[in-house]
Structures are given as structure tokens and as C-alpha cells.
Amino acid sequence: MLDAASAALAVAGYRRGAHSIVQSDARDQGFVHMLHALSLRQLGRPEEALEVSSRAVDAFRSAPGGEDDLAGQLRQQAELLLGLDRQDEAVAALREAVRLRGPAGPAANEEQLRPLLDPLVLTLCRLGRFAEARPYARQETELLGRSAGTAPETARPYLVALGRYAQVLEACQDAGEALALCARAEAFVAGLPAAARDELTAERALVAETRAQAHSALVDGPAGVAAWQEAAELWQRLDAPHQGLVPAVRQVMALNNAAVGHQALGHHDRALRLIREAVELALGDRGEPVLRDRPELYEAVHATYVGYLARGGRAEDTLREAERLRDRPRPSATPLPVHFANSLREASLALAATGRLALATRASGLAVATLETLALSSADPYLPTMLAAVLVDHAANLAQTGAAADGAETADRAVDLWRRLAATEPEARINLAQALGNRASCLHVLGRHAEAAGAAGEASDLVRAEMREEQRLLPLLADLLSQRATCHAESGDLTAAADARDEEAAIRYRLWRTDPSAGPGAARALAELSAHFEETGHLREAVSAAKAACGIHHELYGPEPGEHWREVVFALARAGTALLKSGAAAEAVAPFVRCLALYLRAGDMDQAAACRSAIDIAHAMDPAGVAAEWRRMVGADFPK
């Protein structure tokens with residue numbers, strides 16, 4: 001026994017002439033093909049159904065007076081095409097059917113026109129052909145407006161049509177007209193009974209979203225933000241999906257857009273509150289569909305939250321939320337965005353600047369991991385530069401938290417990357433120099449002083465070669481020369497250390513003459529230079545450098561150095577030692593006496609005793625001269 005669809009196929013076979021029944025006229029043939037197509041569709045054979053439906057269309061089109069049948073068949077044809085995702089062909093079929101069913105068409109029928117306009121407008125919008133959709137959307141709105149009532153079943157189609165027409169107008173960059181349609185839709189809703197309004201909550205939320213987009217297009221930020229928040233509140237009232245739209249997903253999107261709008265208006269606190277609400281919604285029970293079906297949406301929203309925290313100077317909170325996002329339960333296939341890594345870098349720098357180095361290391365490490373993942377799938381030309389910069393930060397953080405070996409390895413990667421970039425981008429040479437300086441610091445901590453000196457030397461040579469705007473690069477060059485001098489000294493190359501320190505001291509002294517804040521650095525470099533000269537036997541130069549350091553300190557702090565006393569003592573001790581070694585025993589008394597006083601005031605008895613011992617040595621070298629200088633300084637005879 002045949003089922004209904006199979007029986008229809010058999011009958012259609014006879015009617016087609018596959019059996020002995022003789023074929024009739026074109027219109028009759030159209031009906032045969034129509035039945036055959038319907039049966040194939042019911043049997044789940046849409047491609048064959050479409051082929052047979054096309055024959056029905058051709059038959060009805062050639063049959064005299066077949067316009068009404070043709071319009072009906074075109075609608076079925078369009079449904080088949082849409083089911084097979086052949087949208088452009090479906091649009092052509094629907095347009096012809098609308099022309100036939102329209103007021104001036106040969107098969108005019110208002111009732112049959114309505115179900116044609118809805119899929120036509122929807123498909124044109126899906127294809128992005130909004131200009132073509134515009135007249136049909138207006139036609140649908142006018143048609144439905146004539147029969148719209150206050151009951152939800154008649155009010156809903158009209159409200160949907162109004163909202164969709166507003167979307168089309170907004171997409172056609174006619175935001176003013178779109179807002180007018182939204183106002184018309186909202187006025188219509190306001191006139192409905194409360195129960196009907198509640199049943200149309202999803203449609204009202206979509207209208208609010210369109211209004212928000214139109215306000216944004218007109219650069220009316222406050223109105224746009226208010227509309228997004230209204231949409232979020234409406235979606236909040238719904239639990240069940242509505243025509244494929246999941247309320248929680250739409251609510252997260254609306255909250256995110258409202259937060260972005262507030263941020264653009266400078267309302268940072270409000271933006272932070274809304275974006276946090278979106279994140280917590282996605283991670284809560286209601287947000288299960290977001291994590292399950294739209295994980296990339298949740299990730300984008302949470303990454304925005306991380307960015308707002310970083311921008312607000314909340315470095316620890318930035319790291320906490322970034323790690324929470326990293327440990328998300330259902331990662332999407334989409335890597336986290338570049339701005340997420342940027343936020344982590346910003347947090348890392350802030351944490352390092354305030355001495356929270358362990359947290360800074362976690363932040364920079366996560367930034368590196370994020371950028372490395374991105375680099376696997378993105379051709380963004382900015383990524384290598386960003387990764388190289390973050391590697392430098394991470395290497396420094398590792399070195400300062402006791403992981404110098406890991407820091408050196410990370411610094412090597414940064415240097416390699418900056419070297420490749422500098423080969424084609426000359427402006428990256430300064431970054432390469434900074435990366436080399438960072439590598440030198442890590443190697444220095446590991447005790448690999450010769451390698452560290454080489455890295456610092458290459459860095460300082462690079463900066464020196466790039467010094468067109470000398471004032472801008474001089475501080476960097478001085479820092480690199482300081483590293484170079486320290487590493488040479490600890491590797492035993494005292495002459496090279498003195499040469500590098502001499503150049504550093506000259507630069508810092510030059511900077512100090514125009515910038516008082518550079519004074520402490522200049523004095524420290526001169527005192528270190530004095531030590532190097534002393535070690536290499538250049539005592540006269542050692543004395544001169546130490547006196548210059550003491551002179552800067554006196555000019556900066558006067559007779560009372562206050563909190564800077566340790567730097568002052570270092571320079572004084574260098575001056576006294578160099579003078580003593582050069583045979584100027586009496587002259588050495590003054591700096592040692594000042595050291596003695598400062599150490600006693602600080603309660604450092606061991607160092608005070610060392611100063612007294614140095615004075616005793618000077619007294620043994622020149623008893624009369626030292627006694628006289630002691631009397632001048634202290635106002636009493638030299639103790640016996």
C-alpha cells in the first residue's frame with residue numbers, strides 16, 4: 001500500500017504521460033508538476049522537487065490566464081530555493097510573485113501578498129541588499145498597518161514589519177527616517193493593552209536596538225547608550241528563545257554596546273559597571289547559551305572588561321580578570337584579541353613600577369602567551385612589534401623575580417625578533433638597543449659578565465649611531481653605558497669599564513647642566529668613574545671625578561643631604577680614598593670627617609669605624625697637616 005506522497009507521485013507519473021494517460025494543456029501540466037514537486041518535497045528530495053517545480057513555473061507562465069497559479073508556484077519555488085540556500089534565485093522568484101500579487105498585478109491579492117513580502121525583505125536584508133529591500137519593506141509596513149489590531153497575533157506582524165523597515169532605513173544610512181519609524185513603532189506599542197505589550201517584549205527589544213544604532217549613526221551618544229540599556233532591560237525579561245534569538249545573548253550584546261557608548265562619552269565608571277554586568281551574566285546560569293553557542297562573544301566582552309580595568313589604573317584587577325578569562329570553561333577557536341595583550345602589558349608595567357614584581361611577571365607572561373597564540377593565525381603586521389616589546393618587559397620581570405635564566409632566554413627571543421624587525425625598519429634599532437640592554441641585565445644577574453658587557457656594548461653602539469636628536473636619546477645611551485661599565489668591571493676589564501663610565505659621566509653631566517633632575521645620576525656616574533680610575537692607577541683623574549661628584553651633591557642638597565645621604569657618603573668616600581692614595585693625606589680628612597658624621601647620625605657604627613680608621617691612616621702619613629685639618633673641621637685637637 002502506498003503512502004499519500006508516493007501515491008501522488010504515481011498519479012503524477014500517469015498525468016505526465018509516463019503511462020498511457022494522454023497529457024492535457026499547459027495549465028493542467030503545471031498542476032501535475034506542482035503535485036509532483038510537493039510530493040518530492042514531502043519525501044525529503046528537495047533538489048528533485050526544485051527541478052519539477054521549475055517545470056510547473058514554466059507551464060503556468062505559458063498557460064493563458066495562469067498568473068494566479070504562477071504566483072502560487074513561484075512562492076513554493078522560493079521556499080525550495082531558500083531551503084537549499086540559493087538565496088539570490090529565491091529573491092528573483094519572490095520579486096516576480098510580488099509583482100503578480102501586487103495591487104497593479106494580474107493576480108492581485110492582498111492576502112496572498114503578505115506571505116511573499118516577509119521572506120523577500122528578510123532575504124534581501126540577509127544578503128545585504130538593503131536598497132532593494134527598502135520599497136518592499138515600506139509596502140509590507142503599509143499593508144500590515146491596515147489590518148493591525150490590539151491583539152498580539154495581529155499586532156506582532158505589524159510591529160515586526162515596522163522594526164525591520166527601520167533596520168533597512170538605518171542600513172541605507174537614512175538614520176533620521178529610521179528613528180521616525182522606531183518612534184512610530186513605539187507609539188503603536190504604547191497604545192496596546194499591557195498584556196499585549198508584554199507578549200511583544202522581544203519585538204520591542206529589537207526596535208530599541210535599531211533605535212540605538214540610528215542614534216549612533218547620528219553621533220548622538222547619550223541617546224544611543226540609553227537605547228542600548230533599554231534593549232538590555234527588555235531582553236532581561238525574557239527566558240525562552242524568540243525566533244532563533246536567545247535573550248541572554250542579545251542582552252550581553254546590548255550591555256556591551258551600552259558600555260562602549262559610555263566609555264566613548266568618558267563615563268568610565270558606568271562603562272565598567274555595565275561591562276562587568278555583561279561578563280557576570282555570561283558566566284552565570286542565565287548565560288549558559290552564551291558560553292555554549294557564542295563563546296567568542298563572551299570572550300570579546302570579557303576582554304573589553306579587562307581593557308576598561310587597565311585603562312582605569314586597576315592593575316591587580318586587570319590581571320585577576322585576565323586570568324579568569326584565560327581559564328574560561330569553553331574556549332572558542334578564536335584567539336583573544338591584541339587589545340587584551342595590550343591591557344596586560346599596561347597592567348604589567350604599572351605593577352612593576354610599584355614593586356609588585358610577581359604580579360607583573362604573571363601579567364607579562366600572559367601577554368606573551370596571548371600574542372604567541374595570535375601570531376599562529378594572524379597576519380597582522382603589528383603583532384611582531386608588540387610581541388617583541390612584551391618579551392622585553394617579561395624578561396626584565398623574570399630577572400627581577402629571581403628567574404634570571406628564564407629572563408635571559410626570553411631576552412634572547414626579544415633581541416632576535418627586534419633584530420629581524422630592525423633589518424627592514426630602521427626605527428626599530430632603538431628598540432633593539434633596549435632589548436640588548438635588557439639581555440645584558442639578565443646575563444649580569446647570572447654572572448655572565450663578559451657576555452653582558454658585549455650585549456650592552458652593542459646596544460650603546462646602536463644608540464650612538466642613531467643619535468640625531470641627541471637630547472632624546474642621551475638618557476638611554478647613558479643607561480646602556482652604565483650597564484656596559486659595570487659588566488666590564490665585573491669581568492675584570494677595568495680599562496674598558498673606565499672608558500664606558502667616562503662616556504656615561506660626560507653625558508649625565510651634560511644633561512645635568514640643563515636638567516636638575518639629572519644631577520643625582522651625574523654624581524653617581526662620576527663617583528663610579530672615580531673608583532674605576534683609582535683601580536687603574538689614574539689617581540689624579542680619580543680625585544677630579546670624585547670632587548666633581550661631591551660638588552654636584554653640595555649644589556643639589558647643601559650641607560644636609562637628608563634622605564640622599566647614602567649617595568653623598570659614596571662620593572665622599574671615593575674622594576677621601578683617592579686623595580689618601582695620591583698622598584694628599586690632609587686634604588683627605590674633610591671628606592672622611594663628613595662621612596664619619598653621616599654614618600654616626602645614621603647609627604652605622606661599622607662604617608663610622610672604617611672612616612675613623614682612614615683618618616688614622618692619613619694622620620700617620622701627615623701628622624701635622626691632618627691634625628690642623630681636624631682642628632679646623634671639628635674644633636678640637638686630634639685625639640691621641
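Me: Buried means under 20% relative accessible area, exposed means over 50%, and partly exposed is in between. With that in hand, why is C172 called partly exposed?

Reply: This is a predicted model, by the way. C172 comes out at 24% relative accessibility. That value sits between the cut-offs of 20% and 50%, so C172 counts as partly exposed.

Me: How do you know that C172 is in no disulfide?

Reply: Searching the whole structure turns up 0 disulfides. For C172, the nearest cysteine sulfur belongs to C125 and is 8.6 Å away. A disulfide needs the two sulfur atoms within 2.5 Å, so C172 doesn't qualify.

Me: And what about C442: how do you know that it is in no disulfide?

Reply: Same kind of check. The nearest cysteine sulfur to C442 is that of C487, 11 Å away. Set against the 2.5 Å limit, that rules out a disulfide for C442, because the sulfurs have to lie within that distance.

Me: Is C442 buried or exposed, and how do you know?

Reply: C442 has 1% relative accessibility. Buried is anything under 20%, so C442 gets that label.

Me: What makes the phi of Q173 worth a look?

Reply: Most residues other than glycine have a negative phi. Q173 isn't a glycine, yet its phi is positive, about 65°. You'll find Q173 in the loop between α8 (152-171) and α9 (175-190). Q173 also counts as exposed, because its relative accessibility is 74% and the cut-off is over 50%.

Me: Which loop holds Q243, and why is Q243 called exposed?

Reply: Look between α12 (221-236) and α13 (247-264): Q243 is in that loop. Its relative accessibility is 65%, over the 50% mark, so Q243 counts as exposed. Q243 is another non-glycine residue with a positive phi, near 50°.

Me: Why does Q76 count as buried?

Reply: Q76 has 18% relative accessibility, which is under 20%, so buried is the right word. Q76 is part of helix α4 (residues 67-83). Apart from neighbours within four places in sequence, Q76 is in contact with M34, L38 and R41.

Me: What makes up the lining of the largest pocket?

Reply: The largest pocket has a volume of about 690 Å³. It is lined by 25 residues, and those closest to its centre are L122, R164, Q167, L206 and L245. Two or more lining residues each come from α6 (110-126), α8, α11 (201-217) and α13. The largest share, 7 residues, is from α8. By type, the lining has 11 nonpolar, 7 polar and 7 charged residues.

Me: Why is the pair of W565 and Y599 called edge-to-face?

Reply: The count of aromatic pairs here is 5. For W565 and Y599, the ring centres are 5.9 Å apart, within the 6.5 Å limit, so they pair. Their planes are at 90°, over the 60 degrees needed, so the pair is edge-to-face. W565 lies in helix α28 (residues 565-581) and Y599 in helix α29 (residues 585-602), so the pair ties together parts 34 residues apart in sequence. W565 is buried at 16%, and Y599 is buried at 12%.

Me: What makes W630 and F638 an edge-to-face pair?

Reply: Their ring centres are 5.3 Å apart, within 6.5 Å, and their planes are at 80°, over 60, so edge-to-face fits. W630 has 9% relative accessibility and counts as buried. F638, at 11%, counts as buried too, because the cut-off is under 20%.

Technical notes: Residues are numbered from 1 along each chain as its sequence is written. This is a predicted model: local features need pLDDT of at least 70, side-chain atom pairs count only at pLDDT 80 or more; totals for chains, interfaces and linings use all residues. Side-chain values use heavy atoms; hydrogens and water are left out. Helices (H or I, at least four residues) and strands (E, at least two) are DSSP runs, numbered from the N terminus. Buried means under 20% relative accessible area, exposed over 50%, partly exposed in between (1.4 Å probe, protein chains only). Contact means heavy atoms within 4.5 Å. On a 1 Å grid over the protein atoms alone, a cavity is a set of points where a 1.4 Å probe fits but cannot get out, and a pocket is an open set with protein on both sides within 12 Å along at least five of seven lines; lining residues have an atom within 4 Å of a point. Grid points are joined across faces, edges and corners, and a volume is the space filled by probe spheres set on the points. Ala, Val, Leu, Ile, Met, Phe, Trp, Tyr, Cys and Pro count as nonpolar, Asp, Glu, Lys and Arg as charged, and the others, Gly among them, as polar. Rings of Phe, Tyr and Trp (its six-membered ring) pair if their centres lie within 6.5 Å; planes under 30 degrees apart count as stacked, over 60 as edge-to-face and the rest as tilted.
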